[in-house]
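Reader: I have a structure open on my screen and would like to understand the words used to describe it. Could you walk me through them?

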Amino acid sequence: NPEELFALGYAACYLGAMRFAAQSEKLGTVPDDTTVTAHVGIGPRSDGGFGLKVKLVVSMPGVDRATAQTITERGHFICPYSNATKGNIDVVTE
């Protein structure tokens, strides 16, 4: 379904953006076994109609929490999906 395709594209793009941020901004290394799982659903909007909701679950084995947090934040700054959804779609990163 369309939500699954969006989730797949977002997860892949966001992982690439985190790798780019970590390398170009010298934030550390994103391990090869890092994963991003995107859960995308449809739900009602407070002003009517329906909207998308996104939850990104990031696993960066061996990376301390503070470094991982910085990399995930910078990933959102770089990722085209994050920029396209900013202010339009509720995105939560864990």
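Reader: Let's start with a simple one: where is Gly49 found?

Author: Happy to help. Gly49 is found in the loop between strand 1 and strand 2. Please keep in mind that this is a predicted model.

Reader: Why is Gly49 called partly exposed?

Author: Its relative accessibility is 48%. Buried means under 20% and exposed means over 50%, so Gly49, at 48%, counts as partly exposed. Leaving out residues up to four places away in sequence, Gly49 touches Gly43 and Pro44. Gly49 and Ser59 are 10 residues apart along the chain, and their C-alpha atoms are separated by 33 Å.

Reader: What makes Gly41 partly exposed?

Author: The reasoning is the one we just used. Gly41 has 26% relative accessibility, and the partly exposed class lies between under 20% and over 50%, so Gly41 counts as partly exposed. Gly41 lies in strand 1.

Reader: Which residues is Gly41 in contact with, leaving aside its neighbours within four places in sequence?

Author: Gly41 is in contact with Gly51, Leu52 and Lys53. For Leu52, 11 residues apart from Gly41 along the chain, the C-alpha atoms are separated by 5.6 Å.

Reader: How do you know that Leu56 is buried?

Author: Its relative accessibility is 0%. Buried means under 20%, so Leu56 counts as buried. Leu56 is found in strand 2, residues 50-59. Not counting residues up to four places away in sequence, its contacts include Tyr10, Tyr14 and His76, along with Val36, Val91 and Val92. The C-alpha atoms of Leu56 and Asn83 are separated by 14 Å, with their positions 27 residues apart along the chain.

Reader: Why is Ser82 called buried?

Author: Ser82 has a relative accessible area of 6%, and the cut-off for buried is under 20%, so Ser82 is buried. Ser82 is found in helix 3, residues 80-85. Setting aside residues up to four places away in sequence, Ser82 touches Tyr10, Tyr14 and His76.

Reader: What makes the link between the side chains of Ser82 and His76 a polar contact?

Author: The two side chains come to 2.7 Å, and the cut-off for a polar contact is a pair of N or O atoms within 3.5 Å. The side chain of Ser82 therefore makes a polar contact with the side chain of His76.

Reader: Why are helix 1 and helix 2 called roughly perpendicular to each other?

Author: Helix 1 (residues 2-24) and helix 2 (residues 65-78) pack at an angle of about 115 degrees, with axes 8 Å apart. Angles of 65 to 115 count as roughly perpendicular, and these helices are therefore placed in that class. Helix 1 passes helix 2 in a right-handed crossing.

Reader: Which residues meet there?

Author: Among them, Tyr10, Tyr14 and Phe20 in helix 1 meet residues of helix 2 including Ile71, His76 and Ile78. The residues of this contact divide into 9 nonpolar, 3 polar and 1 charged.

Reader: How do you know that Thr70 is partly exposed?

Author: Thr70 has 33% relative accessibility, and partly exposed lies between under 20% and over 50%, so Thr70 counts as partly exposed. Thr70 is found in helix 2. Thr70 and Arg19 are 51 residues apart in sequence and 12 Å apart in space, C-alpha to C-alpha.

Reader: What makes Lys26 exposed?

Author: Exposed means over 50%, and Lys26 has 73% relative accessibility, so Lys26 counts as exposed. Lys26 lies in the loop between helix 1 and strand 1. Phi of Lys26 is near 55 degrees, a positive value in a residue other than glycine. Most residues other than glycine have a negative phi.

Definitions and conventions:
Residues are numbered from 1 along each chain as its sequence is written. This is a predicted model: local features need pLDDT of at least 70, side-chain atom pairs count only at pLDDT 80 or more; totals for chains, interfaces and linings use all residues. Side-chain values use heavy atoms; hydrogens and water are left out. Helices (H or I, at least four residues) and strands (E, at least two) are DSSP runs, numbered from the N terminus. Buried means under 20% relative accessible area, exposed over 50%, partly exposed in between (1.4 Å probe, protein chains only). A polar contact is a pair of N or O atoms within 3.5 Å; within protein, one must be able to donate a hydrogen and the other to accept it, and residues adjacent in sequence count only if both atoms are side-chain atoms. Contact means heavy atoms within 4.5 Å. Axes are lines fitted to C-alpha atoms, for helices over the stretch in contact, and angles run from 0 to 180 degrees between N-to-C directions. Angles under 35 degrees count as roughly parallel, over 145 as roughly antiparallel, 65 to 115 as roughly perpendicular and the rest as oblique. A crossing is left-handed if the near helix is turned anticlockwise from the far one by less than a right angle, and right-handed if clockwise. Ala, Val, Leu, Ile, Met, Phe, Trp, Tyr, Cys and Pro count as nonpolar, Asp, Glu, Lys and Arg as charged, and the others, Gly among them, as polar.
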